[in-house]
Amino acid sequence: RIDESRAGSPSGSGLGLAIVKLIMDLHGGTARVISGEGRHTIFRLWFPGPATPEIAARDAVRPPVPDRP
């Protein structure tokens, strides 16, 4: 576990939110956790999307150009 103070909580590696943060950072998104003691927890993930079709076309992943002999 990353946070040893939670050793009595249910089993797990404690890496879940760290992995979520890494993924969101790589995609330029954000994550929010809303929770309260004795209540359910809500996870909200926002991924950025293209503003216009032109931007989507410009930023589209293109297949790699094969090496020429």
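Buried means under 20% relative accessible area, exposed means over 50%, and partly exposed covers what lies in between. Keep these cut-offs at hand for the exercises below, which use a predicted model.

**Exercise 1. Classify Asp25: is this residue buried, exposed or partly exposed?**

Step 1. Start with the location: Asp25 sits in helix α1.
Step 2. Read off the relative accessible area of Asp25, which is 48%.
Step 3. Compare with the cut-offs: partly exposed is the class between 20% and 50%, so Asp25 is partly exposed.

**Exercise 2. Find the partner of Asp25 in a salt bridge, and work out how the two residues are placed in the helix.**

Step 1. Recall the principle: side chains of opposite charge can pair when their charged atoms come close.
Step 2. Count the salt bridges: the structure holds one.
Step 3. Name the pair. The side chain of Asp25 meets that of Lys21, with 2.7 Å from N to O. The cut-off for a salt bridge is 4 Å.
Step 4. Place the pair along the helix. Asp25 and Lys21 are four residues apart in α1, which means that about one helical turn separates them.

**Exercise 3. Describe helix α1 and what follows it.**

Step 1. Mark the ends: α1 covers residues 16-27, twelve residues in total.
Step 2. Check the span. From first C-alpha to last, α1 reaches 17 Å, close to the 16 Å expected at 1.5 Å a residue.
Step 3. Move past the end of the helix: Gly28 follows α1 and has a positive phi, near 75 degrees.

**Exercise 4. Which residues make the nonpolar surface patch, and how exposed is Ile19?**

Step 1. List the members: Leu15, Ile19, Ile23, Leu45 and Phe47 make a patch of about 450 Å².
Step 2. Take one of them, Ile19, which belongs to helix α1.
Step 3. Classify Ile19: its relative accessibility is 46%, so Ile19 counts as partly exposed.
Step 4. Relate the patch member Phe47 to Asp25: these two residues are 22 apart in sequence, and their C-alpha atoms are 9.9 Å apart in space.

**Exercise 5. Summarize the whole protein chain: what are its elements, and what share of its residues is buried?**

Step 1. Count the elements: there are two helices and two strands.
Step 2. Put them in order from the N terminus: α-β-β-α.
Step 3. Look at burial: of the 69 residues, 3% are buried.
Step 4. Add the surface. The accessible surface is about 6,400 Å², and carbon and sulfur atoms account for 60% of this area.
Step 5. Finish with contacts: among those between residues at least 6 apart in sequence, 5% join residues at least 24 apart.

How values were computed. Residues are numbered from 1 along each chain as its sequence is written. This is a predicted model: local features need pLDDT of at least 70, side-chain atom pairs count only at pLDDT 80 or more; totals for chains, interfaces and linings use all residues. Side-chain values use heavy atoms; hydrogens and water are left out. Buried means under 20% relative accessible area, exposed over 50%, partly exposed in between (1.4 Å probe, protein chains only). Contact means heavy atoms within 4.5 Å. Accessible areas come from the Shrake-Rupley method with a 1.4 Å probe; for residues, only the protein chains shown count as cover. The expected span of a helix is 1.5 Å times one less than its number of residues. Patches are made of residues with over 30% relative accessible area and no salt bridge: like charges are joined within 9 Å, nonpolar side chains (Val, Leu, Ile, Met, Phe, Trp, Tyr) within 5 Å.
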